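Thanks for making the time, everyone. I would like to walk you through one structure, and please stop me wherever something is unclear.

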Number of protein chains: 2
Amino acid sequence: MTKLQVAIDRVPLDKALNLAQELDGIVDIIELGTSIVKDYGLEALKKADFKLEKSQLLIDLKTIDEGEYEFVKGYETSANILTVMGASSLGTLKKTYEIAQDTGKDIFIDLMEIDDQKVNEISNMPNAIYGLHHSKDATTTFNAVDTIQAFHESHPEIKKIAVAGGVDLDQAKKISNQGIADVIIVGGKIAGSSDPISSAKEFMEAIQ
Amino acid sequence: MTKLQVAIDRVPLDKALNLAQELDGIVDIIELGTSIVKDYGLEALKKADFKLEKSQLLIDLKTIDEGEYEFVKGYETSANILTVMGASSLGTLKKTYEIAQDTGKDIFIDLMEIDDQKVNEISNMPNAIYGLHHSKDATTTFNAVDTIQAFHESHPEIKKIAVAGGVDLDQAKKISNQGIADVIIVGGKIAGSSDPISSAKEFMEAIQ
């Protein structure tokens, strides 16, 4: 069954906290986006009580170096999942995967802007979630279903796939029917809508 | 003349602030490392009074997406220079360069983990500082002088070069004599020494 991850971005920390609590149990994974990390910092996220009852918490750290420092700090928050860039050095990727395995938590490898050769070099981490990510700054359009299909054919060894980048209700339904991706990530279309809870429920229904 | 940039990392924010003020005027550029950004956030760095009298302030944002959001926020602090990853999309790089140009501030492109082909695609930003960066997580050693020479020969169009990664006094002297790099970045060997001010002065003397 496809999971829904909702990204919360570019809002004050208290608003992010409220929204996360409102979405707790409605969606599978609640993401605090990179903007929340870079605006407020992990120290503030450690102090804020993000302990969710039912949903998992992902913090989009986008680690690209200093893997040990960032992942140890990151897991001191209530995050269940942290992200690392596929564009990092193999040393960074290996170290962050190791820490995730040791702490029994999850790691999400963001494949944004890396080529197939690099994917092949880093596809040997069976418990990692691999994220197909269409950059927010990209000017080209993104056909998620085709991208997932092509990626799956090139990398059948990768079992856990997430997809992010402008996914709407219609695309979410198609991705779910396609049955390859484990996680669909939606940002503004839920968190930025006038009624995030209703929007979240609509997406959850679309992927059943 | 080669400039010295000192990176402050992995210390409490008040200690970072004190050290930056102590180093003001002694070194050319004072860097607040990525650990300071991710631990405390840009909102705290906006509130803290980092206004330096003589040295420039660089914040190592390591932007890899959301170029406009991060650079607009970043320049709202007292930073003169912000960093973006060369591994970002061309859209992100173009946008951040544009914002730097429009605000009359500086941009540092971190070349960590990108290949020559990508460097060629992004070497057309004449006012950017291009940073040769040996990852903190890398397990291989780094001969800075040889790396700079080879880079300069492959990319003579790039005029402003910075170099980071385990540079010691001896290497700093050699890089300065070589006369290619504009900026030498030193982290722990100054900021983490028992007497950062003396260490900074030693490095400054070495590169005269």
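I will go from the fold of one chain to two single residues, and then to the contact between the chains.

A word of caution to begin with: what you see is a predicted model, and every value I quote is computed from it.

Let me start with chain A, where eight strands form a closed barrel in the order β1-β2-β3-β4-β5-β6-β7-β8, with parallel pairing. From one strand to the next, the twist averages 25°. To take one pair from that barrel, β4(A) and β5(A), the latter covering residues 106-110, run parallel and are joined by five bridges, and within β5(A) it is A:Phe108 that stands opposite A:Thr83.

Now to a residue in a loop, A:Thr77, which sits between α3 (67-75) and β4 (81-85) of chain A. Is it buried or exposed? At a relative accessibility of 6%, A:Thr77 is buried, because the cut-off for that class is under 20%. Its side chain has polar partners in the backbone: a polar atom of the A:Thr77 side chain lies 2.6 Å from the backbone oxygen of A:Gly74, and the side chain also reaches the backbone nitrogen of A:Ala79 at 3.1 Å. Beyond the neighbours within four places in sequence, A:Thr77 is in contact with A:Leu42, A:Leu45, A:Lys46 and A:Ile59.

In chain B I picked B:Ile107, which belongs to strand β5 (residues 106-110) of that chain and is buried, with a relative accessible area of 1%. Setting aside neighbours within four places in sequence, its contacts include B:Phe71, B:Tyr75, B:Leu82 and B:Ile129. Another of its contacts is B:Tyr97, which is ten residues away in sequence and 6.6 Å away in space, taken from C-alpha to C-alpha.

That leaves the interface, to which chain A and chain B each bring 35 residues. About 2,900 Å² is buried between the two chains, with carbon and sulfur atoms giving 49% of that area. Of the area that chain A buries against chain B, 25% is supplied by A:Lys38, A:Glu66 and A:Asp137, more than by any other three residues.

As for polar interactions, the count between the chains is six salt bridges; one that I can show you joins A:Lys73 to B:Asp39, with the closest N and O atoms 3.4 Å apart. Polar contact across this interface is found for 18 residue pairs, both residues being at pLDDT 80 or more. On the chain A side, the largest share, ten residues, comes from α2(A).

I am happy to take questions.

Methods. Residues are numbered from 1 along each chain as its sequence is written. Chains are lettered from A and ligands numbered from 1 in the order in which they are written. This is a predicted model: local features need pLDDT of at least 70, side-chain atom pairs count only at pLDDT 80 or more; totals for chains, interfaces and linings use all residues. Side-chain values use heavy atoms; hydrogens and water are left out. Helices (H or I, at least four residues) and strands (E, at least two) are DSSP runs, numbered from the N terminus. Buried means under 20% relative accessible area, exposed over 50%, partly exposed in between (1.4 Å probe, protein chains only). Contact means heavy atoms within 4.5 Å. A polar contact is a pair of N or O atoms within 3.5 Å; within protein, one must be able to donate a hydrogen and the other to accept it, and residues adjacent in sequence count only if both atoms are side-chain atoms. Two strands pair if DSSP finds at least two bridges between them. Axes are lines fitted to C-alpha atoms, for helices over the stretch in contact, and angles run from 0 to 180 degrees between N-to-C directions. Buried area is the accessible area (1.4 Å probe) that two parts lose on being put together, summed over both. A salt bridge is a side-chain nitrogen of Lys or Arg within 4 Å of a carboxyl oxygen of Asp or Glu.
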